Amino acid sequence: MCMQFSECVDLQRHPLSDDAYRARCKVILDTEGVLCLPGFLTADAIEQVRREAAEHRDLAYYTEGGHNVYLAPTDSDFDDNHARNRQVVSSKGCIQTDQIPEGSPLRTVHDSALLRDFLCAVLDEAALHEYADALSSINLHYADEGRELGWHFDNSSFAITLLVQRPQAGGVFEYVRDARDADAGDMNYPLVSRVLDEELPPASLDIEEGTLVLFRGRNALHRVTPTIGSRERMLAVLAYNTEPGIALSEEARMTFFGRL
Ligand SMILES: O=C(O)CCC(=O)C(=O)O
Ligand SMILES: [Fe+2]
């Protein structure tokens, strides 16, 4: 069954084409650093994605071991304990774009011109592009009890997430906005150190199933805390780039997908 965009998204509650609505969302993103749209996905869309997620769970690749927050190979100019190289743990799994079924609401939402138009307006961008590689644009994450996603900056200009199944507890998205300026080459090691040392408390989001979260993950340091309880956390990530032809780094693809 293939659902139309208007069946996947509650356009009554979230009139994406409306200029006043766009302007309100932009103000929120600019002041808070993150935009949450509760009830974005319809109950039918959530249900279908949850079914697809259960059907394809066997394909998921689970991250093993560590990575640094920059998702980049170790830089031997810095010692192992330096913010540039410090290892954090990720253990969540995911399936990737080429494993998301044809006709999935996630494809319908990701590919929607209306959604991209809305995002461009809210982000003040001229155009948005999918990743050039075949794996990175749509990911469906799985985190059962104890699994987590460690502190990191995204490669993509920004991402939206859609919570598909909320765990009983844990699985909390934590972030520190404007933690670096990647395009200016400022990696802000002092601030990253303070976050890793738990000297600087992050902000956190409490979100419901179906909520859309938009954030600038390229410059916001963020993580997801371990799931608590038997109900697995499931969440979709839709990533976009402001330039065409960008692929997710090989380091990040090997870390999170186990393949290129
Ligand atoms: O699971 C989340 O809420 C965030 C996912 C994320 O940060 C990522 O996939 O890069
Ligand atoms: Fe991220």
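These legends go with a set of close-up views of a predicted model.

**View 1. The seven-stranded sheet, laid out strand by strand.** Here's the sheet, and it is an open one: its seven strands come in the order β1-β12-β8-β15-β6-β5-β2, with antiparallel pairing. At the edges sit β1 (34-37) and β2 (61-62), and each of these pairs on one side only. Helix α3 (residues 43-55) packs on this sheet, where it touches β6, β8 (158-165) and β15. The direction of α3 makes about 85° with that of β8. As a reminder, strands of a sheet pair through backbone hydrogen bonds, either parallel or antiparallel.

**View 2. Strand β6 and its two partners, β5 and β15.** On one side, three bridges tie β5 (residues 93-95) to β6 (residues 138-143), and the two run antiparallel. If you want a landmark for that pairing, look for I95, whose bridge partner in β6 is L140. β6 is also joined to β15 by six bridges, again antiparallel. The landmark there is H141, which stands opposite L235 in β15.

How much of β6 is buried? Six of its six residues are, so the strand is largely enclosed by the rest of the structure. In a regular strand the side chains alternate between the two faces of the sheet. Both faces of β6 are covered: I138, L140 and Y142 are buried on one side, and N139, H141 and A143 are buried on the other.

**View 3. Strand β12, between β1 and β8.** β12 (212-215) pairs with β1 over four bridges in the antiparallel sense. To find this seam, start from L37, whose bridge partner in β12 is L212. β8 and β12 also pair in the antiparallel sense, over four bridges, and here A159 stands opposite F215. As for the side chains, L212 and L214 point one way from β12, while V213 and F215 point the other way; all of them are buried.

**View 4. The largest nonpolar core.** In soluble globular proteins, nonpolar side chains tend to be buried together. The largest such core in this model has 65 residues. Which of them have the most contacts inside the core? They are L140, L162, V164, L214, L221, A236 and L238. Strand β15 supplies the largest share of the core, with seven residues.

Zoom in on L221 and you can see what surrounds it. Leaving aside neighbours within four places in sequence, L221 is in contact with V69, W151, F153, Y175, V176, A179, V192 and V195.

**View 5. The surroundings of ligand 1.** The residues around ligand 1 are H141, L149, D154, T161, F173, G217, H222, V224, L235 and V237. Two elements, β13 (221-224) and β15 (233-240), each give two or more residues to this shell. Sorted by class, the shell has five nonpolar, four polar and one charged residues. You've met two of these residues already: H141 and L235 are the pair facing each other across β6 and β15.

**View 6. Two positive phi values in the loop between β10 and α6.** Most residues other than glycine have a negative phi, and most peptide bonds are trans. D178 has a positive phi of about 45° although it is not a glycine. N188 is another non-glycine residue with a positive value, near 50°. Where is D178? It lies in the loop between β10 (173-176) and α6 (189-196), and N188 is in the loop between β10 and α6 too. D178 counts as exposed because it has 12 other C-beta atoms within 10 Å. N188 is partly exposed, with 19 other C-beta atoms within 10 Å.

**View 7. A220, in the loop between β12 and β13.** Is A220 buried or exposed? A220 counts as buried, because it has 20 C-beta neighbours inside 10 Å. Apart from neighbours within four places in sequence, A220 is in contact with G33, Y175, V176, R177, A179 and F215. A220 and D181 are 39 residues apart in sequence, yet their C-alpha atoms are 9.2 Å apart in space.

Note on methods: Residues numbered from 1 in each chain as written. Chains lettered and ligands numbered in written order. Predicted model: local features only at pLDDT ≥ 70, side-chain atom pairs only at ≥ 80, totals over all residues. Near = placed C-beta within 6 Å. Nonpolar A, V, L, I, M, F, W, Y, C, P; charged D, E, K, R; others polar. Pairing = 2+ DSSP bridges. Contact = placed C-beta atoms within 7 Å. Axes fitted to C-alpha atoms, helices over the stretch in contact; angles between N-to-C directions. Core = buried A, V, L, I, M, F, W, Y, C linked by C-beta atoms within 7 Å.
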